[in-house]
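Here are my notes on the model you sent. They run from the overall fold to single residues.

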Amino acid sequence: MENLRFLEPADAEAFAHDGFFVRRLFEVEEAASMAAEFETLTAGSPLSPNEAGNYYSVMDADQALSAAIQEWSAGKLSPAMDRVAVGWKPIRTGVLIKPAHGKETRFHLHQPITDHPFGLSVIGWCALRDCDEHNGCLRVIPGSHLLFRHIGAGSAIYPENAEDQKLLIQRHAIPVPLKSGEAIFFHNGLLHGAHPNSTGQARPAIGIHFTTPDQNPALYRPHGDGMAAFRLPDGNYTGLFGANRITELDKADILRTFPAWNPRPNLAQVEALLQARGPRAREDYEPLDLVRHLATPTGPDATEDALRPLAFRRLVAKIPGARAVYRLVRSRPRISK
Ligand SMILES: O=C(O)CCC(=O)C(=O)O
């Protein structure tokens, strides 16, 4: 896994297969004292809710506050991270608080955060109070980190069709309840969201986004018909989401441009790929090409039927030379009789 390595083999295995794992990062007492320290740090400075208004975060409009939170959280997380992985490089850290009675965080997929959009990047999200489905724990779709060649501006959810999304979430999403001090580590490309907080107490969490040492922070924005990766004005994310910062990005800071890949998969395609757990999407590999032929199935056995051709292709792909023969056959013009 490039030059970032999780110390526990079981963590590395779960991360590769499902796109996440859970492990204890802080003792319960440490987590409680961090939650208290954070309250003191931010006392008298109201945090800004995120765009959806459902949690407060380091993406605070007040840049001085955002920088202070980032520094504080980095100081807490760096020593703890060394117990989980080697070869990690922090890109940003922060605190995510879902207020009492905060709404759900809708499922989404992050855009890349570095100049290597298909390089490894990971989020560590550590509960500073026990959390479950009642007070806003995260929920994820295991295996979804492999599927999408997603760069798009902001976050997205695939499939885009609302009915398909509902079914995908019903069938495949799992909650990730955590005890105070435990953390989920998940791939930046994993579909995830958070339950609402239906309690009267805020749900605090501390978070870190980290990558391999060769990557540097970048911001992706639309550019012409595609997307561009921009170098960050100060070389980091602090305060970037505060008022007006994004408009300061300059064309001179474009690191690279990319096509606007817009996969628009349907439910059958997403489910087939989830089941197949093939290699991860990357610049020169679009997993959806394997399942373009699948239409959203209807009827009780339809999903099984839809999966059959994919299972056959995967079997054939294991036979040496079969890919080349397959390509040759496919490339010959069809002659109608
Ligand atoms: O902390 C939360 O409730 C949601 C966090 C999340 O979805 C994110 O950081 O992308």
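What share of the 337 residues in the protein chain is buried? The figure is 40%. Keep in mind that this is a predicted model. My points follow.

1. **Overall make-up.** The protein chain holds seven helices and 14 strands. Consider contacts with a separation of 6 or more. Of these, 81% are between residues 24 or more positions apart.

2. **The five-stranded sheet.** Five strands form an open sheet with antiparallel pairing. Their order is 2-9-6-11-4. Which strands stand at the edges? They are strand 2 (20-24) and strand 4 (89-98). Each has a single partner strand, so one side of each has no neighbour in the sheet. Ignoring direction, neighbouring strands here are turned by 20 degrees against each other on average.

3. **Strand 4 against strand 11.** These two strands run antiparallel and share nine bridges. K98 has R203 of strand 11 as its bridge partner. K89 stands opposite T211 in strand 11. Both strands are mostly covered. In strand 4, eight of the ten residues are buried. In strand 11, eight of the nine are buried.

4. **R92.** This arginine sits in strand 4. Is R92 buried or exposed? R92 counts as buried, because 21 C-beta neighbours lie inside 10 Å; the cut-off for buried is 20 or more. The C-alpha atoms of R92 and F210 are 7.2 Å apart, although 118 residues separate the two along the chain.

5. **Strand 6 and its two partners.** Strand 6 (residues 121-127) pairs with strand 11 in the antiparallel sense, over seven bridges. W125 stands opposite G207 of strand 11. Strand 6 also runs antiparallel to strand 9 (residues 182-187), and five bridges join them. There, G124 has F185 of strand 9 as its bridge partner.

6. **Helices on this sheet.** Helix 1 (residues 9-18) lies across strand 2 and strand 9. Helix 1 runs at about 150 degrees to strand 2. Which strands does helix 3 (residues 63-81) lie across? They are strand 4, strand 6 and strand 11 (203-211). The angle of helix 3 to strand 4 is about 115 degrees.

7. **The four-stranded sheet.** There is also an open sheet of four strands, in the order 5-10-7-8. Its pairing is antiparallel. Strand 5 (105-108) and strand 8 (174-176) are at the edges. Each has a single partner strand, so one side is left without a neighbour in the sheet. From one strand to the next, the twist averages 25 degrees. Strand 5 is joined to strand 10 (residues 192-194) by two bridges, and the two run antiparallel. T105 has A194 of strand 10 as its bridge partner.

8. **Helix 4 with helix 5.** The axes of helix 4 (residues 162-172) and helix 5 (residues 267-276) come within 10 Å. They cross at roughly 30 degrees. That makes the two helices roughly parallel, because angles under 35 degrees count as such. The crossing is right-handed. Which residues make the contact? Helix 4 supplies D164, L167, L168 and H172. Helix 5 supplies L267, V270 and L274. By class, the contact has five nonpolar residues, one polar and one charged.

9. **A cis peptide bond.** The bond from Y158 to P159 is cis, with omega near -5 degrees. P159 is in the loop between strand 7 (138-140) and helix 4.

10. **Two arginines with positive phi.** R264 has phi near 40 degrees, a positive value in a residue other than glycine. R264 lies in the loop between strand 14 (254-258) and helix 5. R264 is exposed, with 11 other C-beta atoms within 10 Å. R277 also has positive phi, near 45 degrees. Where is R277 found? R277 is in the loop between helix 5 and helix 6 (302-317). With 14 C-beta neighbours inside 10 Å, R277 counts as partly exposed.

How values were computed
Residues numbered from 1 in each chain as written. Predicted model: local features only at pLDDT ≥ 70, side-chain atom pairs only at ≥ 80, totals over all residues. Axes fitted to C-alpha atoms, helices over the stretch in contact; angles between N-to-C directions. Parallel < 35°, antiparallel > 145°, perpendicular 65-115°, else oblique. Left-handed = near helix turned anticlockwise from the far one by under 90°. Contact = placed C-beta atoms within 7 Å. Nonpolar A, V, L, I, M, F, W, Y, C, P; charged D, E, K, R; others polar. Pairing = 2+ DSSP bridges. Buried ≥ 20, exposed ≤ 12 C-beta atoms within 10 Å, placed from the backbone.
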